[in-house]
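User: I'd like to go through this two-chain model with you, one question at a time. Could you keep the cut-offs handy as we go?

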Amino acid sequence: MPWTRDQMAARAARELQDGFYVNLGIGIPTLVANYVPEGMSVQFHSENGMLGAGPFPFEGEEDADIINAGKQTVTELPTTSYVDSAASFAMVRGGHINLSILGALQVAQNGDLANWMIPGKMVKGMGGAMDLVAGVPRVVVLMEHTAGGKPKLLKACTLPLTGAGVVSMVITELGVFEVGPQGNKVGLTLTELAPDVLLEEIRAKTEADFAVGPKIR
Amino acid sequence: MAVNKVFPDAKSALAGVLKDGMTIMAGGFGVCGIPSALIAAVRESGVKNLTCISNNAGIDTAGLGLLLETRQIKKMISSYVGENATFAKQYLAGELEIEFNPQGTLAERIRAGGAGIPAFYTATGAGTQIAEGKETKVFDGRTYVMERGLVADLAIIHAWKADPEGNLVYRKTARNFNPIMATAAKMTVVEVEDLVAPGTFDPDHIITPGIFVRRIVKLDHVEKLIEQRTVRKRT
């Protein structure tokens, strides 16, 4: 059975490590915050200038001056600090944020990522996505395997790129792919399948070439 | 006579400053930490053909959305404008120009502009359409894109508290682009929620020193908006 959105987030949470500073994108990635293992210290970076973003406030305790990058009301933690936007992106660009988990429209087998515009549709802007994928050393994509029945894991992205060769791992409802060196180039390796998902199903729903890891039958 | 930076209201704080075709930086992220009273005064003035540098374009009923409604803005330099229907309509009709900058690049362009740095290199956007037409250079095996520092004729910003010297502190995530914009304009006007007596601030805690602030207006009343009110249940 394919993973639910929460199960995808829980799988992504296994990429967290004690002491990590992590940026979560909008959508499924936001759910990852619910699956930080007990006893692990992880600080969430919100690119509008908050390090150590806490959970949503209790009703009646919302503060208009405490929001995350999705413009949602959040709360402070004992570890929280605030910075201006330039310092916030110095953390990103300088490689100080350990992990970025975000959504995607398309990912290519060489690690290219497209998630900010669809030509012909109204362009809303890239926000901080281009800075995050360029600056954070490990980028994990959490996305549906297909969109409208069409593969999103492609040989090459057809949409304008957010970053070139930036993705480290892709988690979909069907399984997990790692992006890494294969011989003298970069390629995808399928490393995990969701329960009862067959390799044939993944092959049918994936345009990209991929190797099959040793744990996959 | 000693310099007086404190003005009685937003209109007088902007008197003699506004000109058609000028470039204005406006602080804020979404509708958090936006200079609402100063934006209202710009709208009131009727000044037009503005280029506005701001992370977002406000919403239909607040922030720079108010200047879009009156068609005072010719061009926006922003990273994300998704929450504004007026913006979308004018853009699709070809009445509004937009230059998208990655958010961190926008912030660094402003920081650099304020620090007298004409250009810098960043890996952000390398290999994407953002890099098209820009100089690139390889450092240590990685490709970087040259981005220009950004300055403006006027910065309008929001801070929590000021003293009469123009030393500023901000409140929580309402800080965002405000401190860097304060440094990057020929004229910076700040609206504040509270004006405190000289010496009130611990000098170690001042975020923006008064050198960057020319005019101050204390708000009579402060209305803060929330774009996405998200809460959790008590268990």
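User: How many residue pairs are in polar contact across the interface of chain A and chain B?

Analyst: Happy to start there; this is a predicted model, so local features need pLDDT of at least 70 and side-chain atom pairs count only at pLDDT 80 or more, while totals for chains, interfaces and linings use all residues. Residues are numbered from 1 along each chain as its sequence is written, chains are lettered from A and ligands numbered from 1 in the order in which they are written, and side-chain values use heavy atoms, with hydrogens and water left out. A polar contact is a pair of N or O atoms within 3.5 Å; within protein, one must be able to donate a hydrogen and the other to accept it, and residues adjacent in sequence count only if both atoms are side-chain atoms. With both residues at pLDDT 80 or more, the number of pairs across the interface of chain A and chain B is 26.

User: Which element gives the largest share of the side of chain A that touches chain B?

Analyst: Two elements of chain A give two or more residues to that side: α2 (85-93) and α3 (129-135). Helices (H or I, at least four residues) and strands (E, at least two) are DSSP runs, numbered from the N terminus. The largest share, four residues, comes from α2(A).

User: How much area do chain A and chain B bury between them?

Analyst: In terms of contact (heavy atoms within 4.5 Å), 47 residues of chain A meet 52 residues of chain B. Buried area is the accessible area (1.4 Å probe) that two parts lose on being put together, summed over both. Carbon and sulfur atoms carry 60% of the total, which is about 4,200 Å².

User: Which residue of chain A meets R171(B) in a salt bridge?

Analyst: A salt bridge here is a side-chain nitrogen of Lys or Arg within 4 Å of a carboxyl oxygen of Asp or Glu. Between chain A and chain B the count is seven. For R171(B), the N to O distance is 2.6 Å, and the partner is D63(A).

User: Is T128(B) buried or exposed?

Analyst: T128(B) lies in the loop between β6 (119-122) and β7 (136-139) of chain B, and its side chain comes to 2.7 Å from the backbone oxygen of G125(B). Leaving out residues up to four places away in sequence, T128(B) touches M130(A), L161(A), T162(A) and G163(A). Buried means under 20% relative accessible area, exposed over 50%, and partly exposed in between (1.4 Å probe, protein chains only). The relative accessibility of T128(B) is 6%, so this residue counts as buried.

User: Which strands does the buried part of α1(A) pack against?

Analyst: Helix α1 of chain A covers residues 5-13, and its buried residues are M8(A), A9(A), R11(A), A12(A) and A13(A). One of the strands they meet, β8(A), is mostly covered, with four of its five residues buried. The partners of these buried residues in chain A are β5 (99-102), β8 (138-142), β12 (169-171), β13 (175-182) and β14 (185-193).

User: What is the bridge partner of V141(A) in β12(A)?

Analyst: Two strands pair if DSSP finds at least two bridges between them. β8(A) runs parallel to β5(A), joined by four bridges, with L99(A) opposite R138(A). β8(A) also pairs with β12(A) in the parallel sense, over three bridges. There, the partner of V141(A) is V170(A).

User: How many residues apart are R11(A) and E192(A)?

Analyst: R11(A) and E192(A) form a salt bridge, with the closest N and O atoms 2.7 Å apart. Both residues are buried, and they belong to a salt-bridge network with R14(A), E15(A) and R138(A). The pair links helix α1 to strand β14 of chain A, and the separation is 181 residues.

User: Why is one side of β6(B) and of β7(B) left without a neighbour in the sheet?

Analyst: Three strands of chain B form an open sheet with antiparallel pairing, in the order β6-β8-β7. β6 and β7 of chain B stand at the edges, so one side of each lacks a neighbour, and the reason is that each has a single partner strand.

User: What angle does the direction of α5(B) make with that of β6(B)?

Analyst: Axes are lines fitted to C-alpha atoms, for helices over the stretch in contact, and angles run from 0 to 180 degrees between N-to-C directions. Helix α5 (residues 103-114) packs on the sheet and touches β6 and β8 of chain B; the angle with β6(B) is about 150°.
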